[in-house]
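Dear colleague,

I am passing on the structure below, together with some notes that I hope you will read alongside it.

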Amino acid sequence: MILYNSLGQTKQEFIPYFKGKVNMYTCGPTVYHYAHIGNLRTYIMEDVLEKYLRFAGYNVNRVMNITDVGHLSSDADTGEDKMLSGAKREHKTVMEIAKFYTDAFFADCEKLNIKRPDVVEPATNCIDEFINMITVLLQKGYAYTAGGNVYFDTSKLDTYYVFGNMNEEDLAVGVRDSVEEDENKRNKADFVLWFTKSKFDSQELKWDSPWGVGYPGWHIECSCISTKHNGEYLDIHCGGIDNAFPHHTNEIAQSEAYLGHKWCNYWFHVLHLNDARGKMSKSKGDFLTVSLLESKGYDPLVYRMFCLQSHYRKPLTFSYDSLDNTAKAYDKLIKKISALSKDGTPDTAKAEQYIYSFKEALDNDLNTSLGLTCVYDVLKSDLDDVTKIYLIDEFDKVLSLNLTKNEIKSNNSDNNEINAEVENLIAQRTKARAEKDWATADAIRDKLKEMNVVLVDTKDGIQWHFEN
Ligand code: AMP
Ligand code: ZN
């Protein structure tokens, strides 16, 4: 498989540390609010990557953290903790907020057919591991204490900006709002590993540590949780592009300083989902959620398909018009598939070349839109129905669009539109027949057939239904 690696900024052949096994880590959600569909774009594409690796025969161990402590709105010793501001907003405790939004996140994932990672670990479960890693970093001279906090000393590294020439815009997003200079830092790029002193001392969750009662910085959690469950050698680390700097840059700094060797080989970053106002972000408040799409009549899997139609390394712009187009395409696809006959035995020998094409598409830096085209190619082919179903089921192990299992639930207005079109064509055909315009009547009959419409002559006139 060829994957684009942010480390080196090139497409590279994927070779795991251990033959046949892939250790994978995903930055999990910060659970102070609902995930928006931008966050979920990232999780959908990571899910496809995980499922494709399994499809290709790898044994995958995927680990995800839940950020239920830490994550400041700014990366300096400034900016309120997002969890704390969420708790204040909803008059709940931080842990209540964390539980509520963690459950909501996994409920959204289920609707989008995003598989739950093998290991899901909340940051608050791992305080001992954070303290241990920070202790080792201090012992090795990679960290220092100042003003009550523990900082990572970036001047001790040969290379800190490992993702090199990422564009300025990406870097700026990662830095986030309101970065003020923290005077305790020896170098501008240094970052906090453990806080005991912060402008926001009202922090609800605090733990005892060798450096005083306090709480961990954000980056340390991912380094610790990954090494705890994936060991010292990580194959693929995933996240949205805004995580590349400073979060992933800092993760690499502290993990490699701690381990004393190279840690993660491949960095998989998903580009942002934007709306008309730019990057969709939780802090902007009114963002789109899966529930909102559902309330407007969309099947969540239509959104999954919308994401798969474009490449994960291209920014994607959301609009209802484009989602409507996907909803129509999804409905048509499901109808075509549900009209296939399930009788017989698949011809697996004939199916092979189609599996090959599907693999070729995904092997090329996860080209999901070409993967979707493979479904259409199968439908158009002269394969028998049951072999088509077999192949589509195989592809759906990765695409997870319920292609052979779904019934049309998506945007009803689209269904109404299709129904209206059918009714209109039937009326035109009746008129053409009455006028003995057989050519037009036949042309309309062929069009209806193409749409899988079955006409039935009854004493009450012509009735119709979709072929199933
Ligand atoms: P958060 O819960 O804010 O920590 O973000 C969870 C994941 O969503 C991270 O991997 C982010 O990089 C990613 N993310 C944030 N905003 C967007 C966006 N607009 N489009 C795609 N991914 C995003
Ligand atoms: Zn992370």
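The notes below cover the conventions, a metal site, some ring pairs and one loop residue.

This is a predicted model, in which local features need pLDDT of at least 70 and side-chain atom pairs count only at pLDDT 80 or more, while totals for chains, interfaces and linings use all residues. Residues are numbered from 1 along each chain as its sequence is written, chains are lettered from A and ligands numbered from 1 in the order in which they are written, and side-chain values use heavy atoms, with hydrogens and water left out.

The zinc ion (ligand 2) has as protein donors Cys27 (SG), Cys222 (SG) and His247 (NE2), which lie 2.0 to 2.2 Å from it; donors are N, O and S atoms within 2.8 Å of the metal (3.2 Å for Na, K and Ca), and sites may look incomplete because water is not among the atoms. Both Cys27 and Cys222 are buried, that is, under 20% relative accessible area, where exposed means over 50% and partly exposed in between (1.4 Å probe, protein chains only).

Across the whole structure, 28 aromatic pairs were found, counting rings of Phe, Tyr and Trp (its six-membered ring) with centres within 6.5 Å, and calling planes under 30 degrees apart stacked, over 60 edge-to-face and the rest tilted. The rings of Phe14 and Tyr58 are edge-to-face, since their centres are 5.7 Å apart and their planes at 80 degrees; Phe14 is buried at 3% relative accessible area, whereas Tyr58, at 21%, is partly exposed.

Finally, Ser400 counts as buried at 7% relative accessibility, and, leaving aside neighbours within four places in sequence, Ser400 is in contact (heavy atoms within 4.5 Å) with Lys51, Asn113, Leu301 and Arg304.

Best regards
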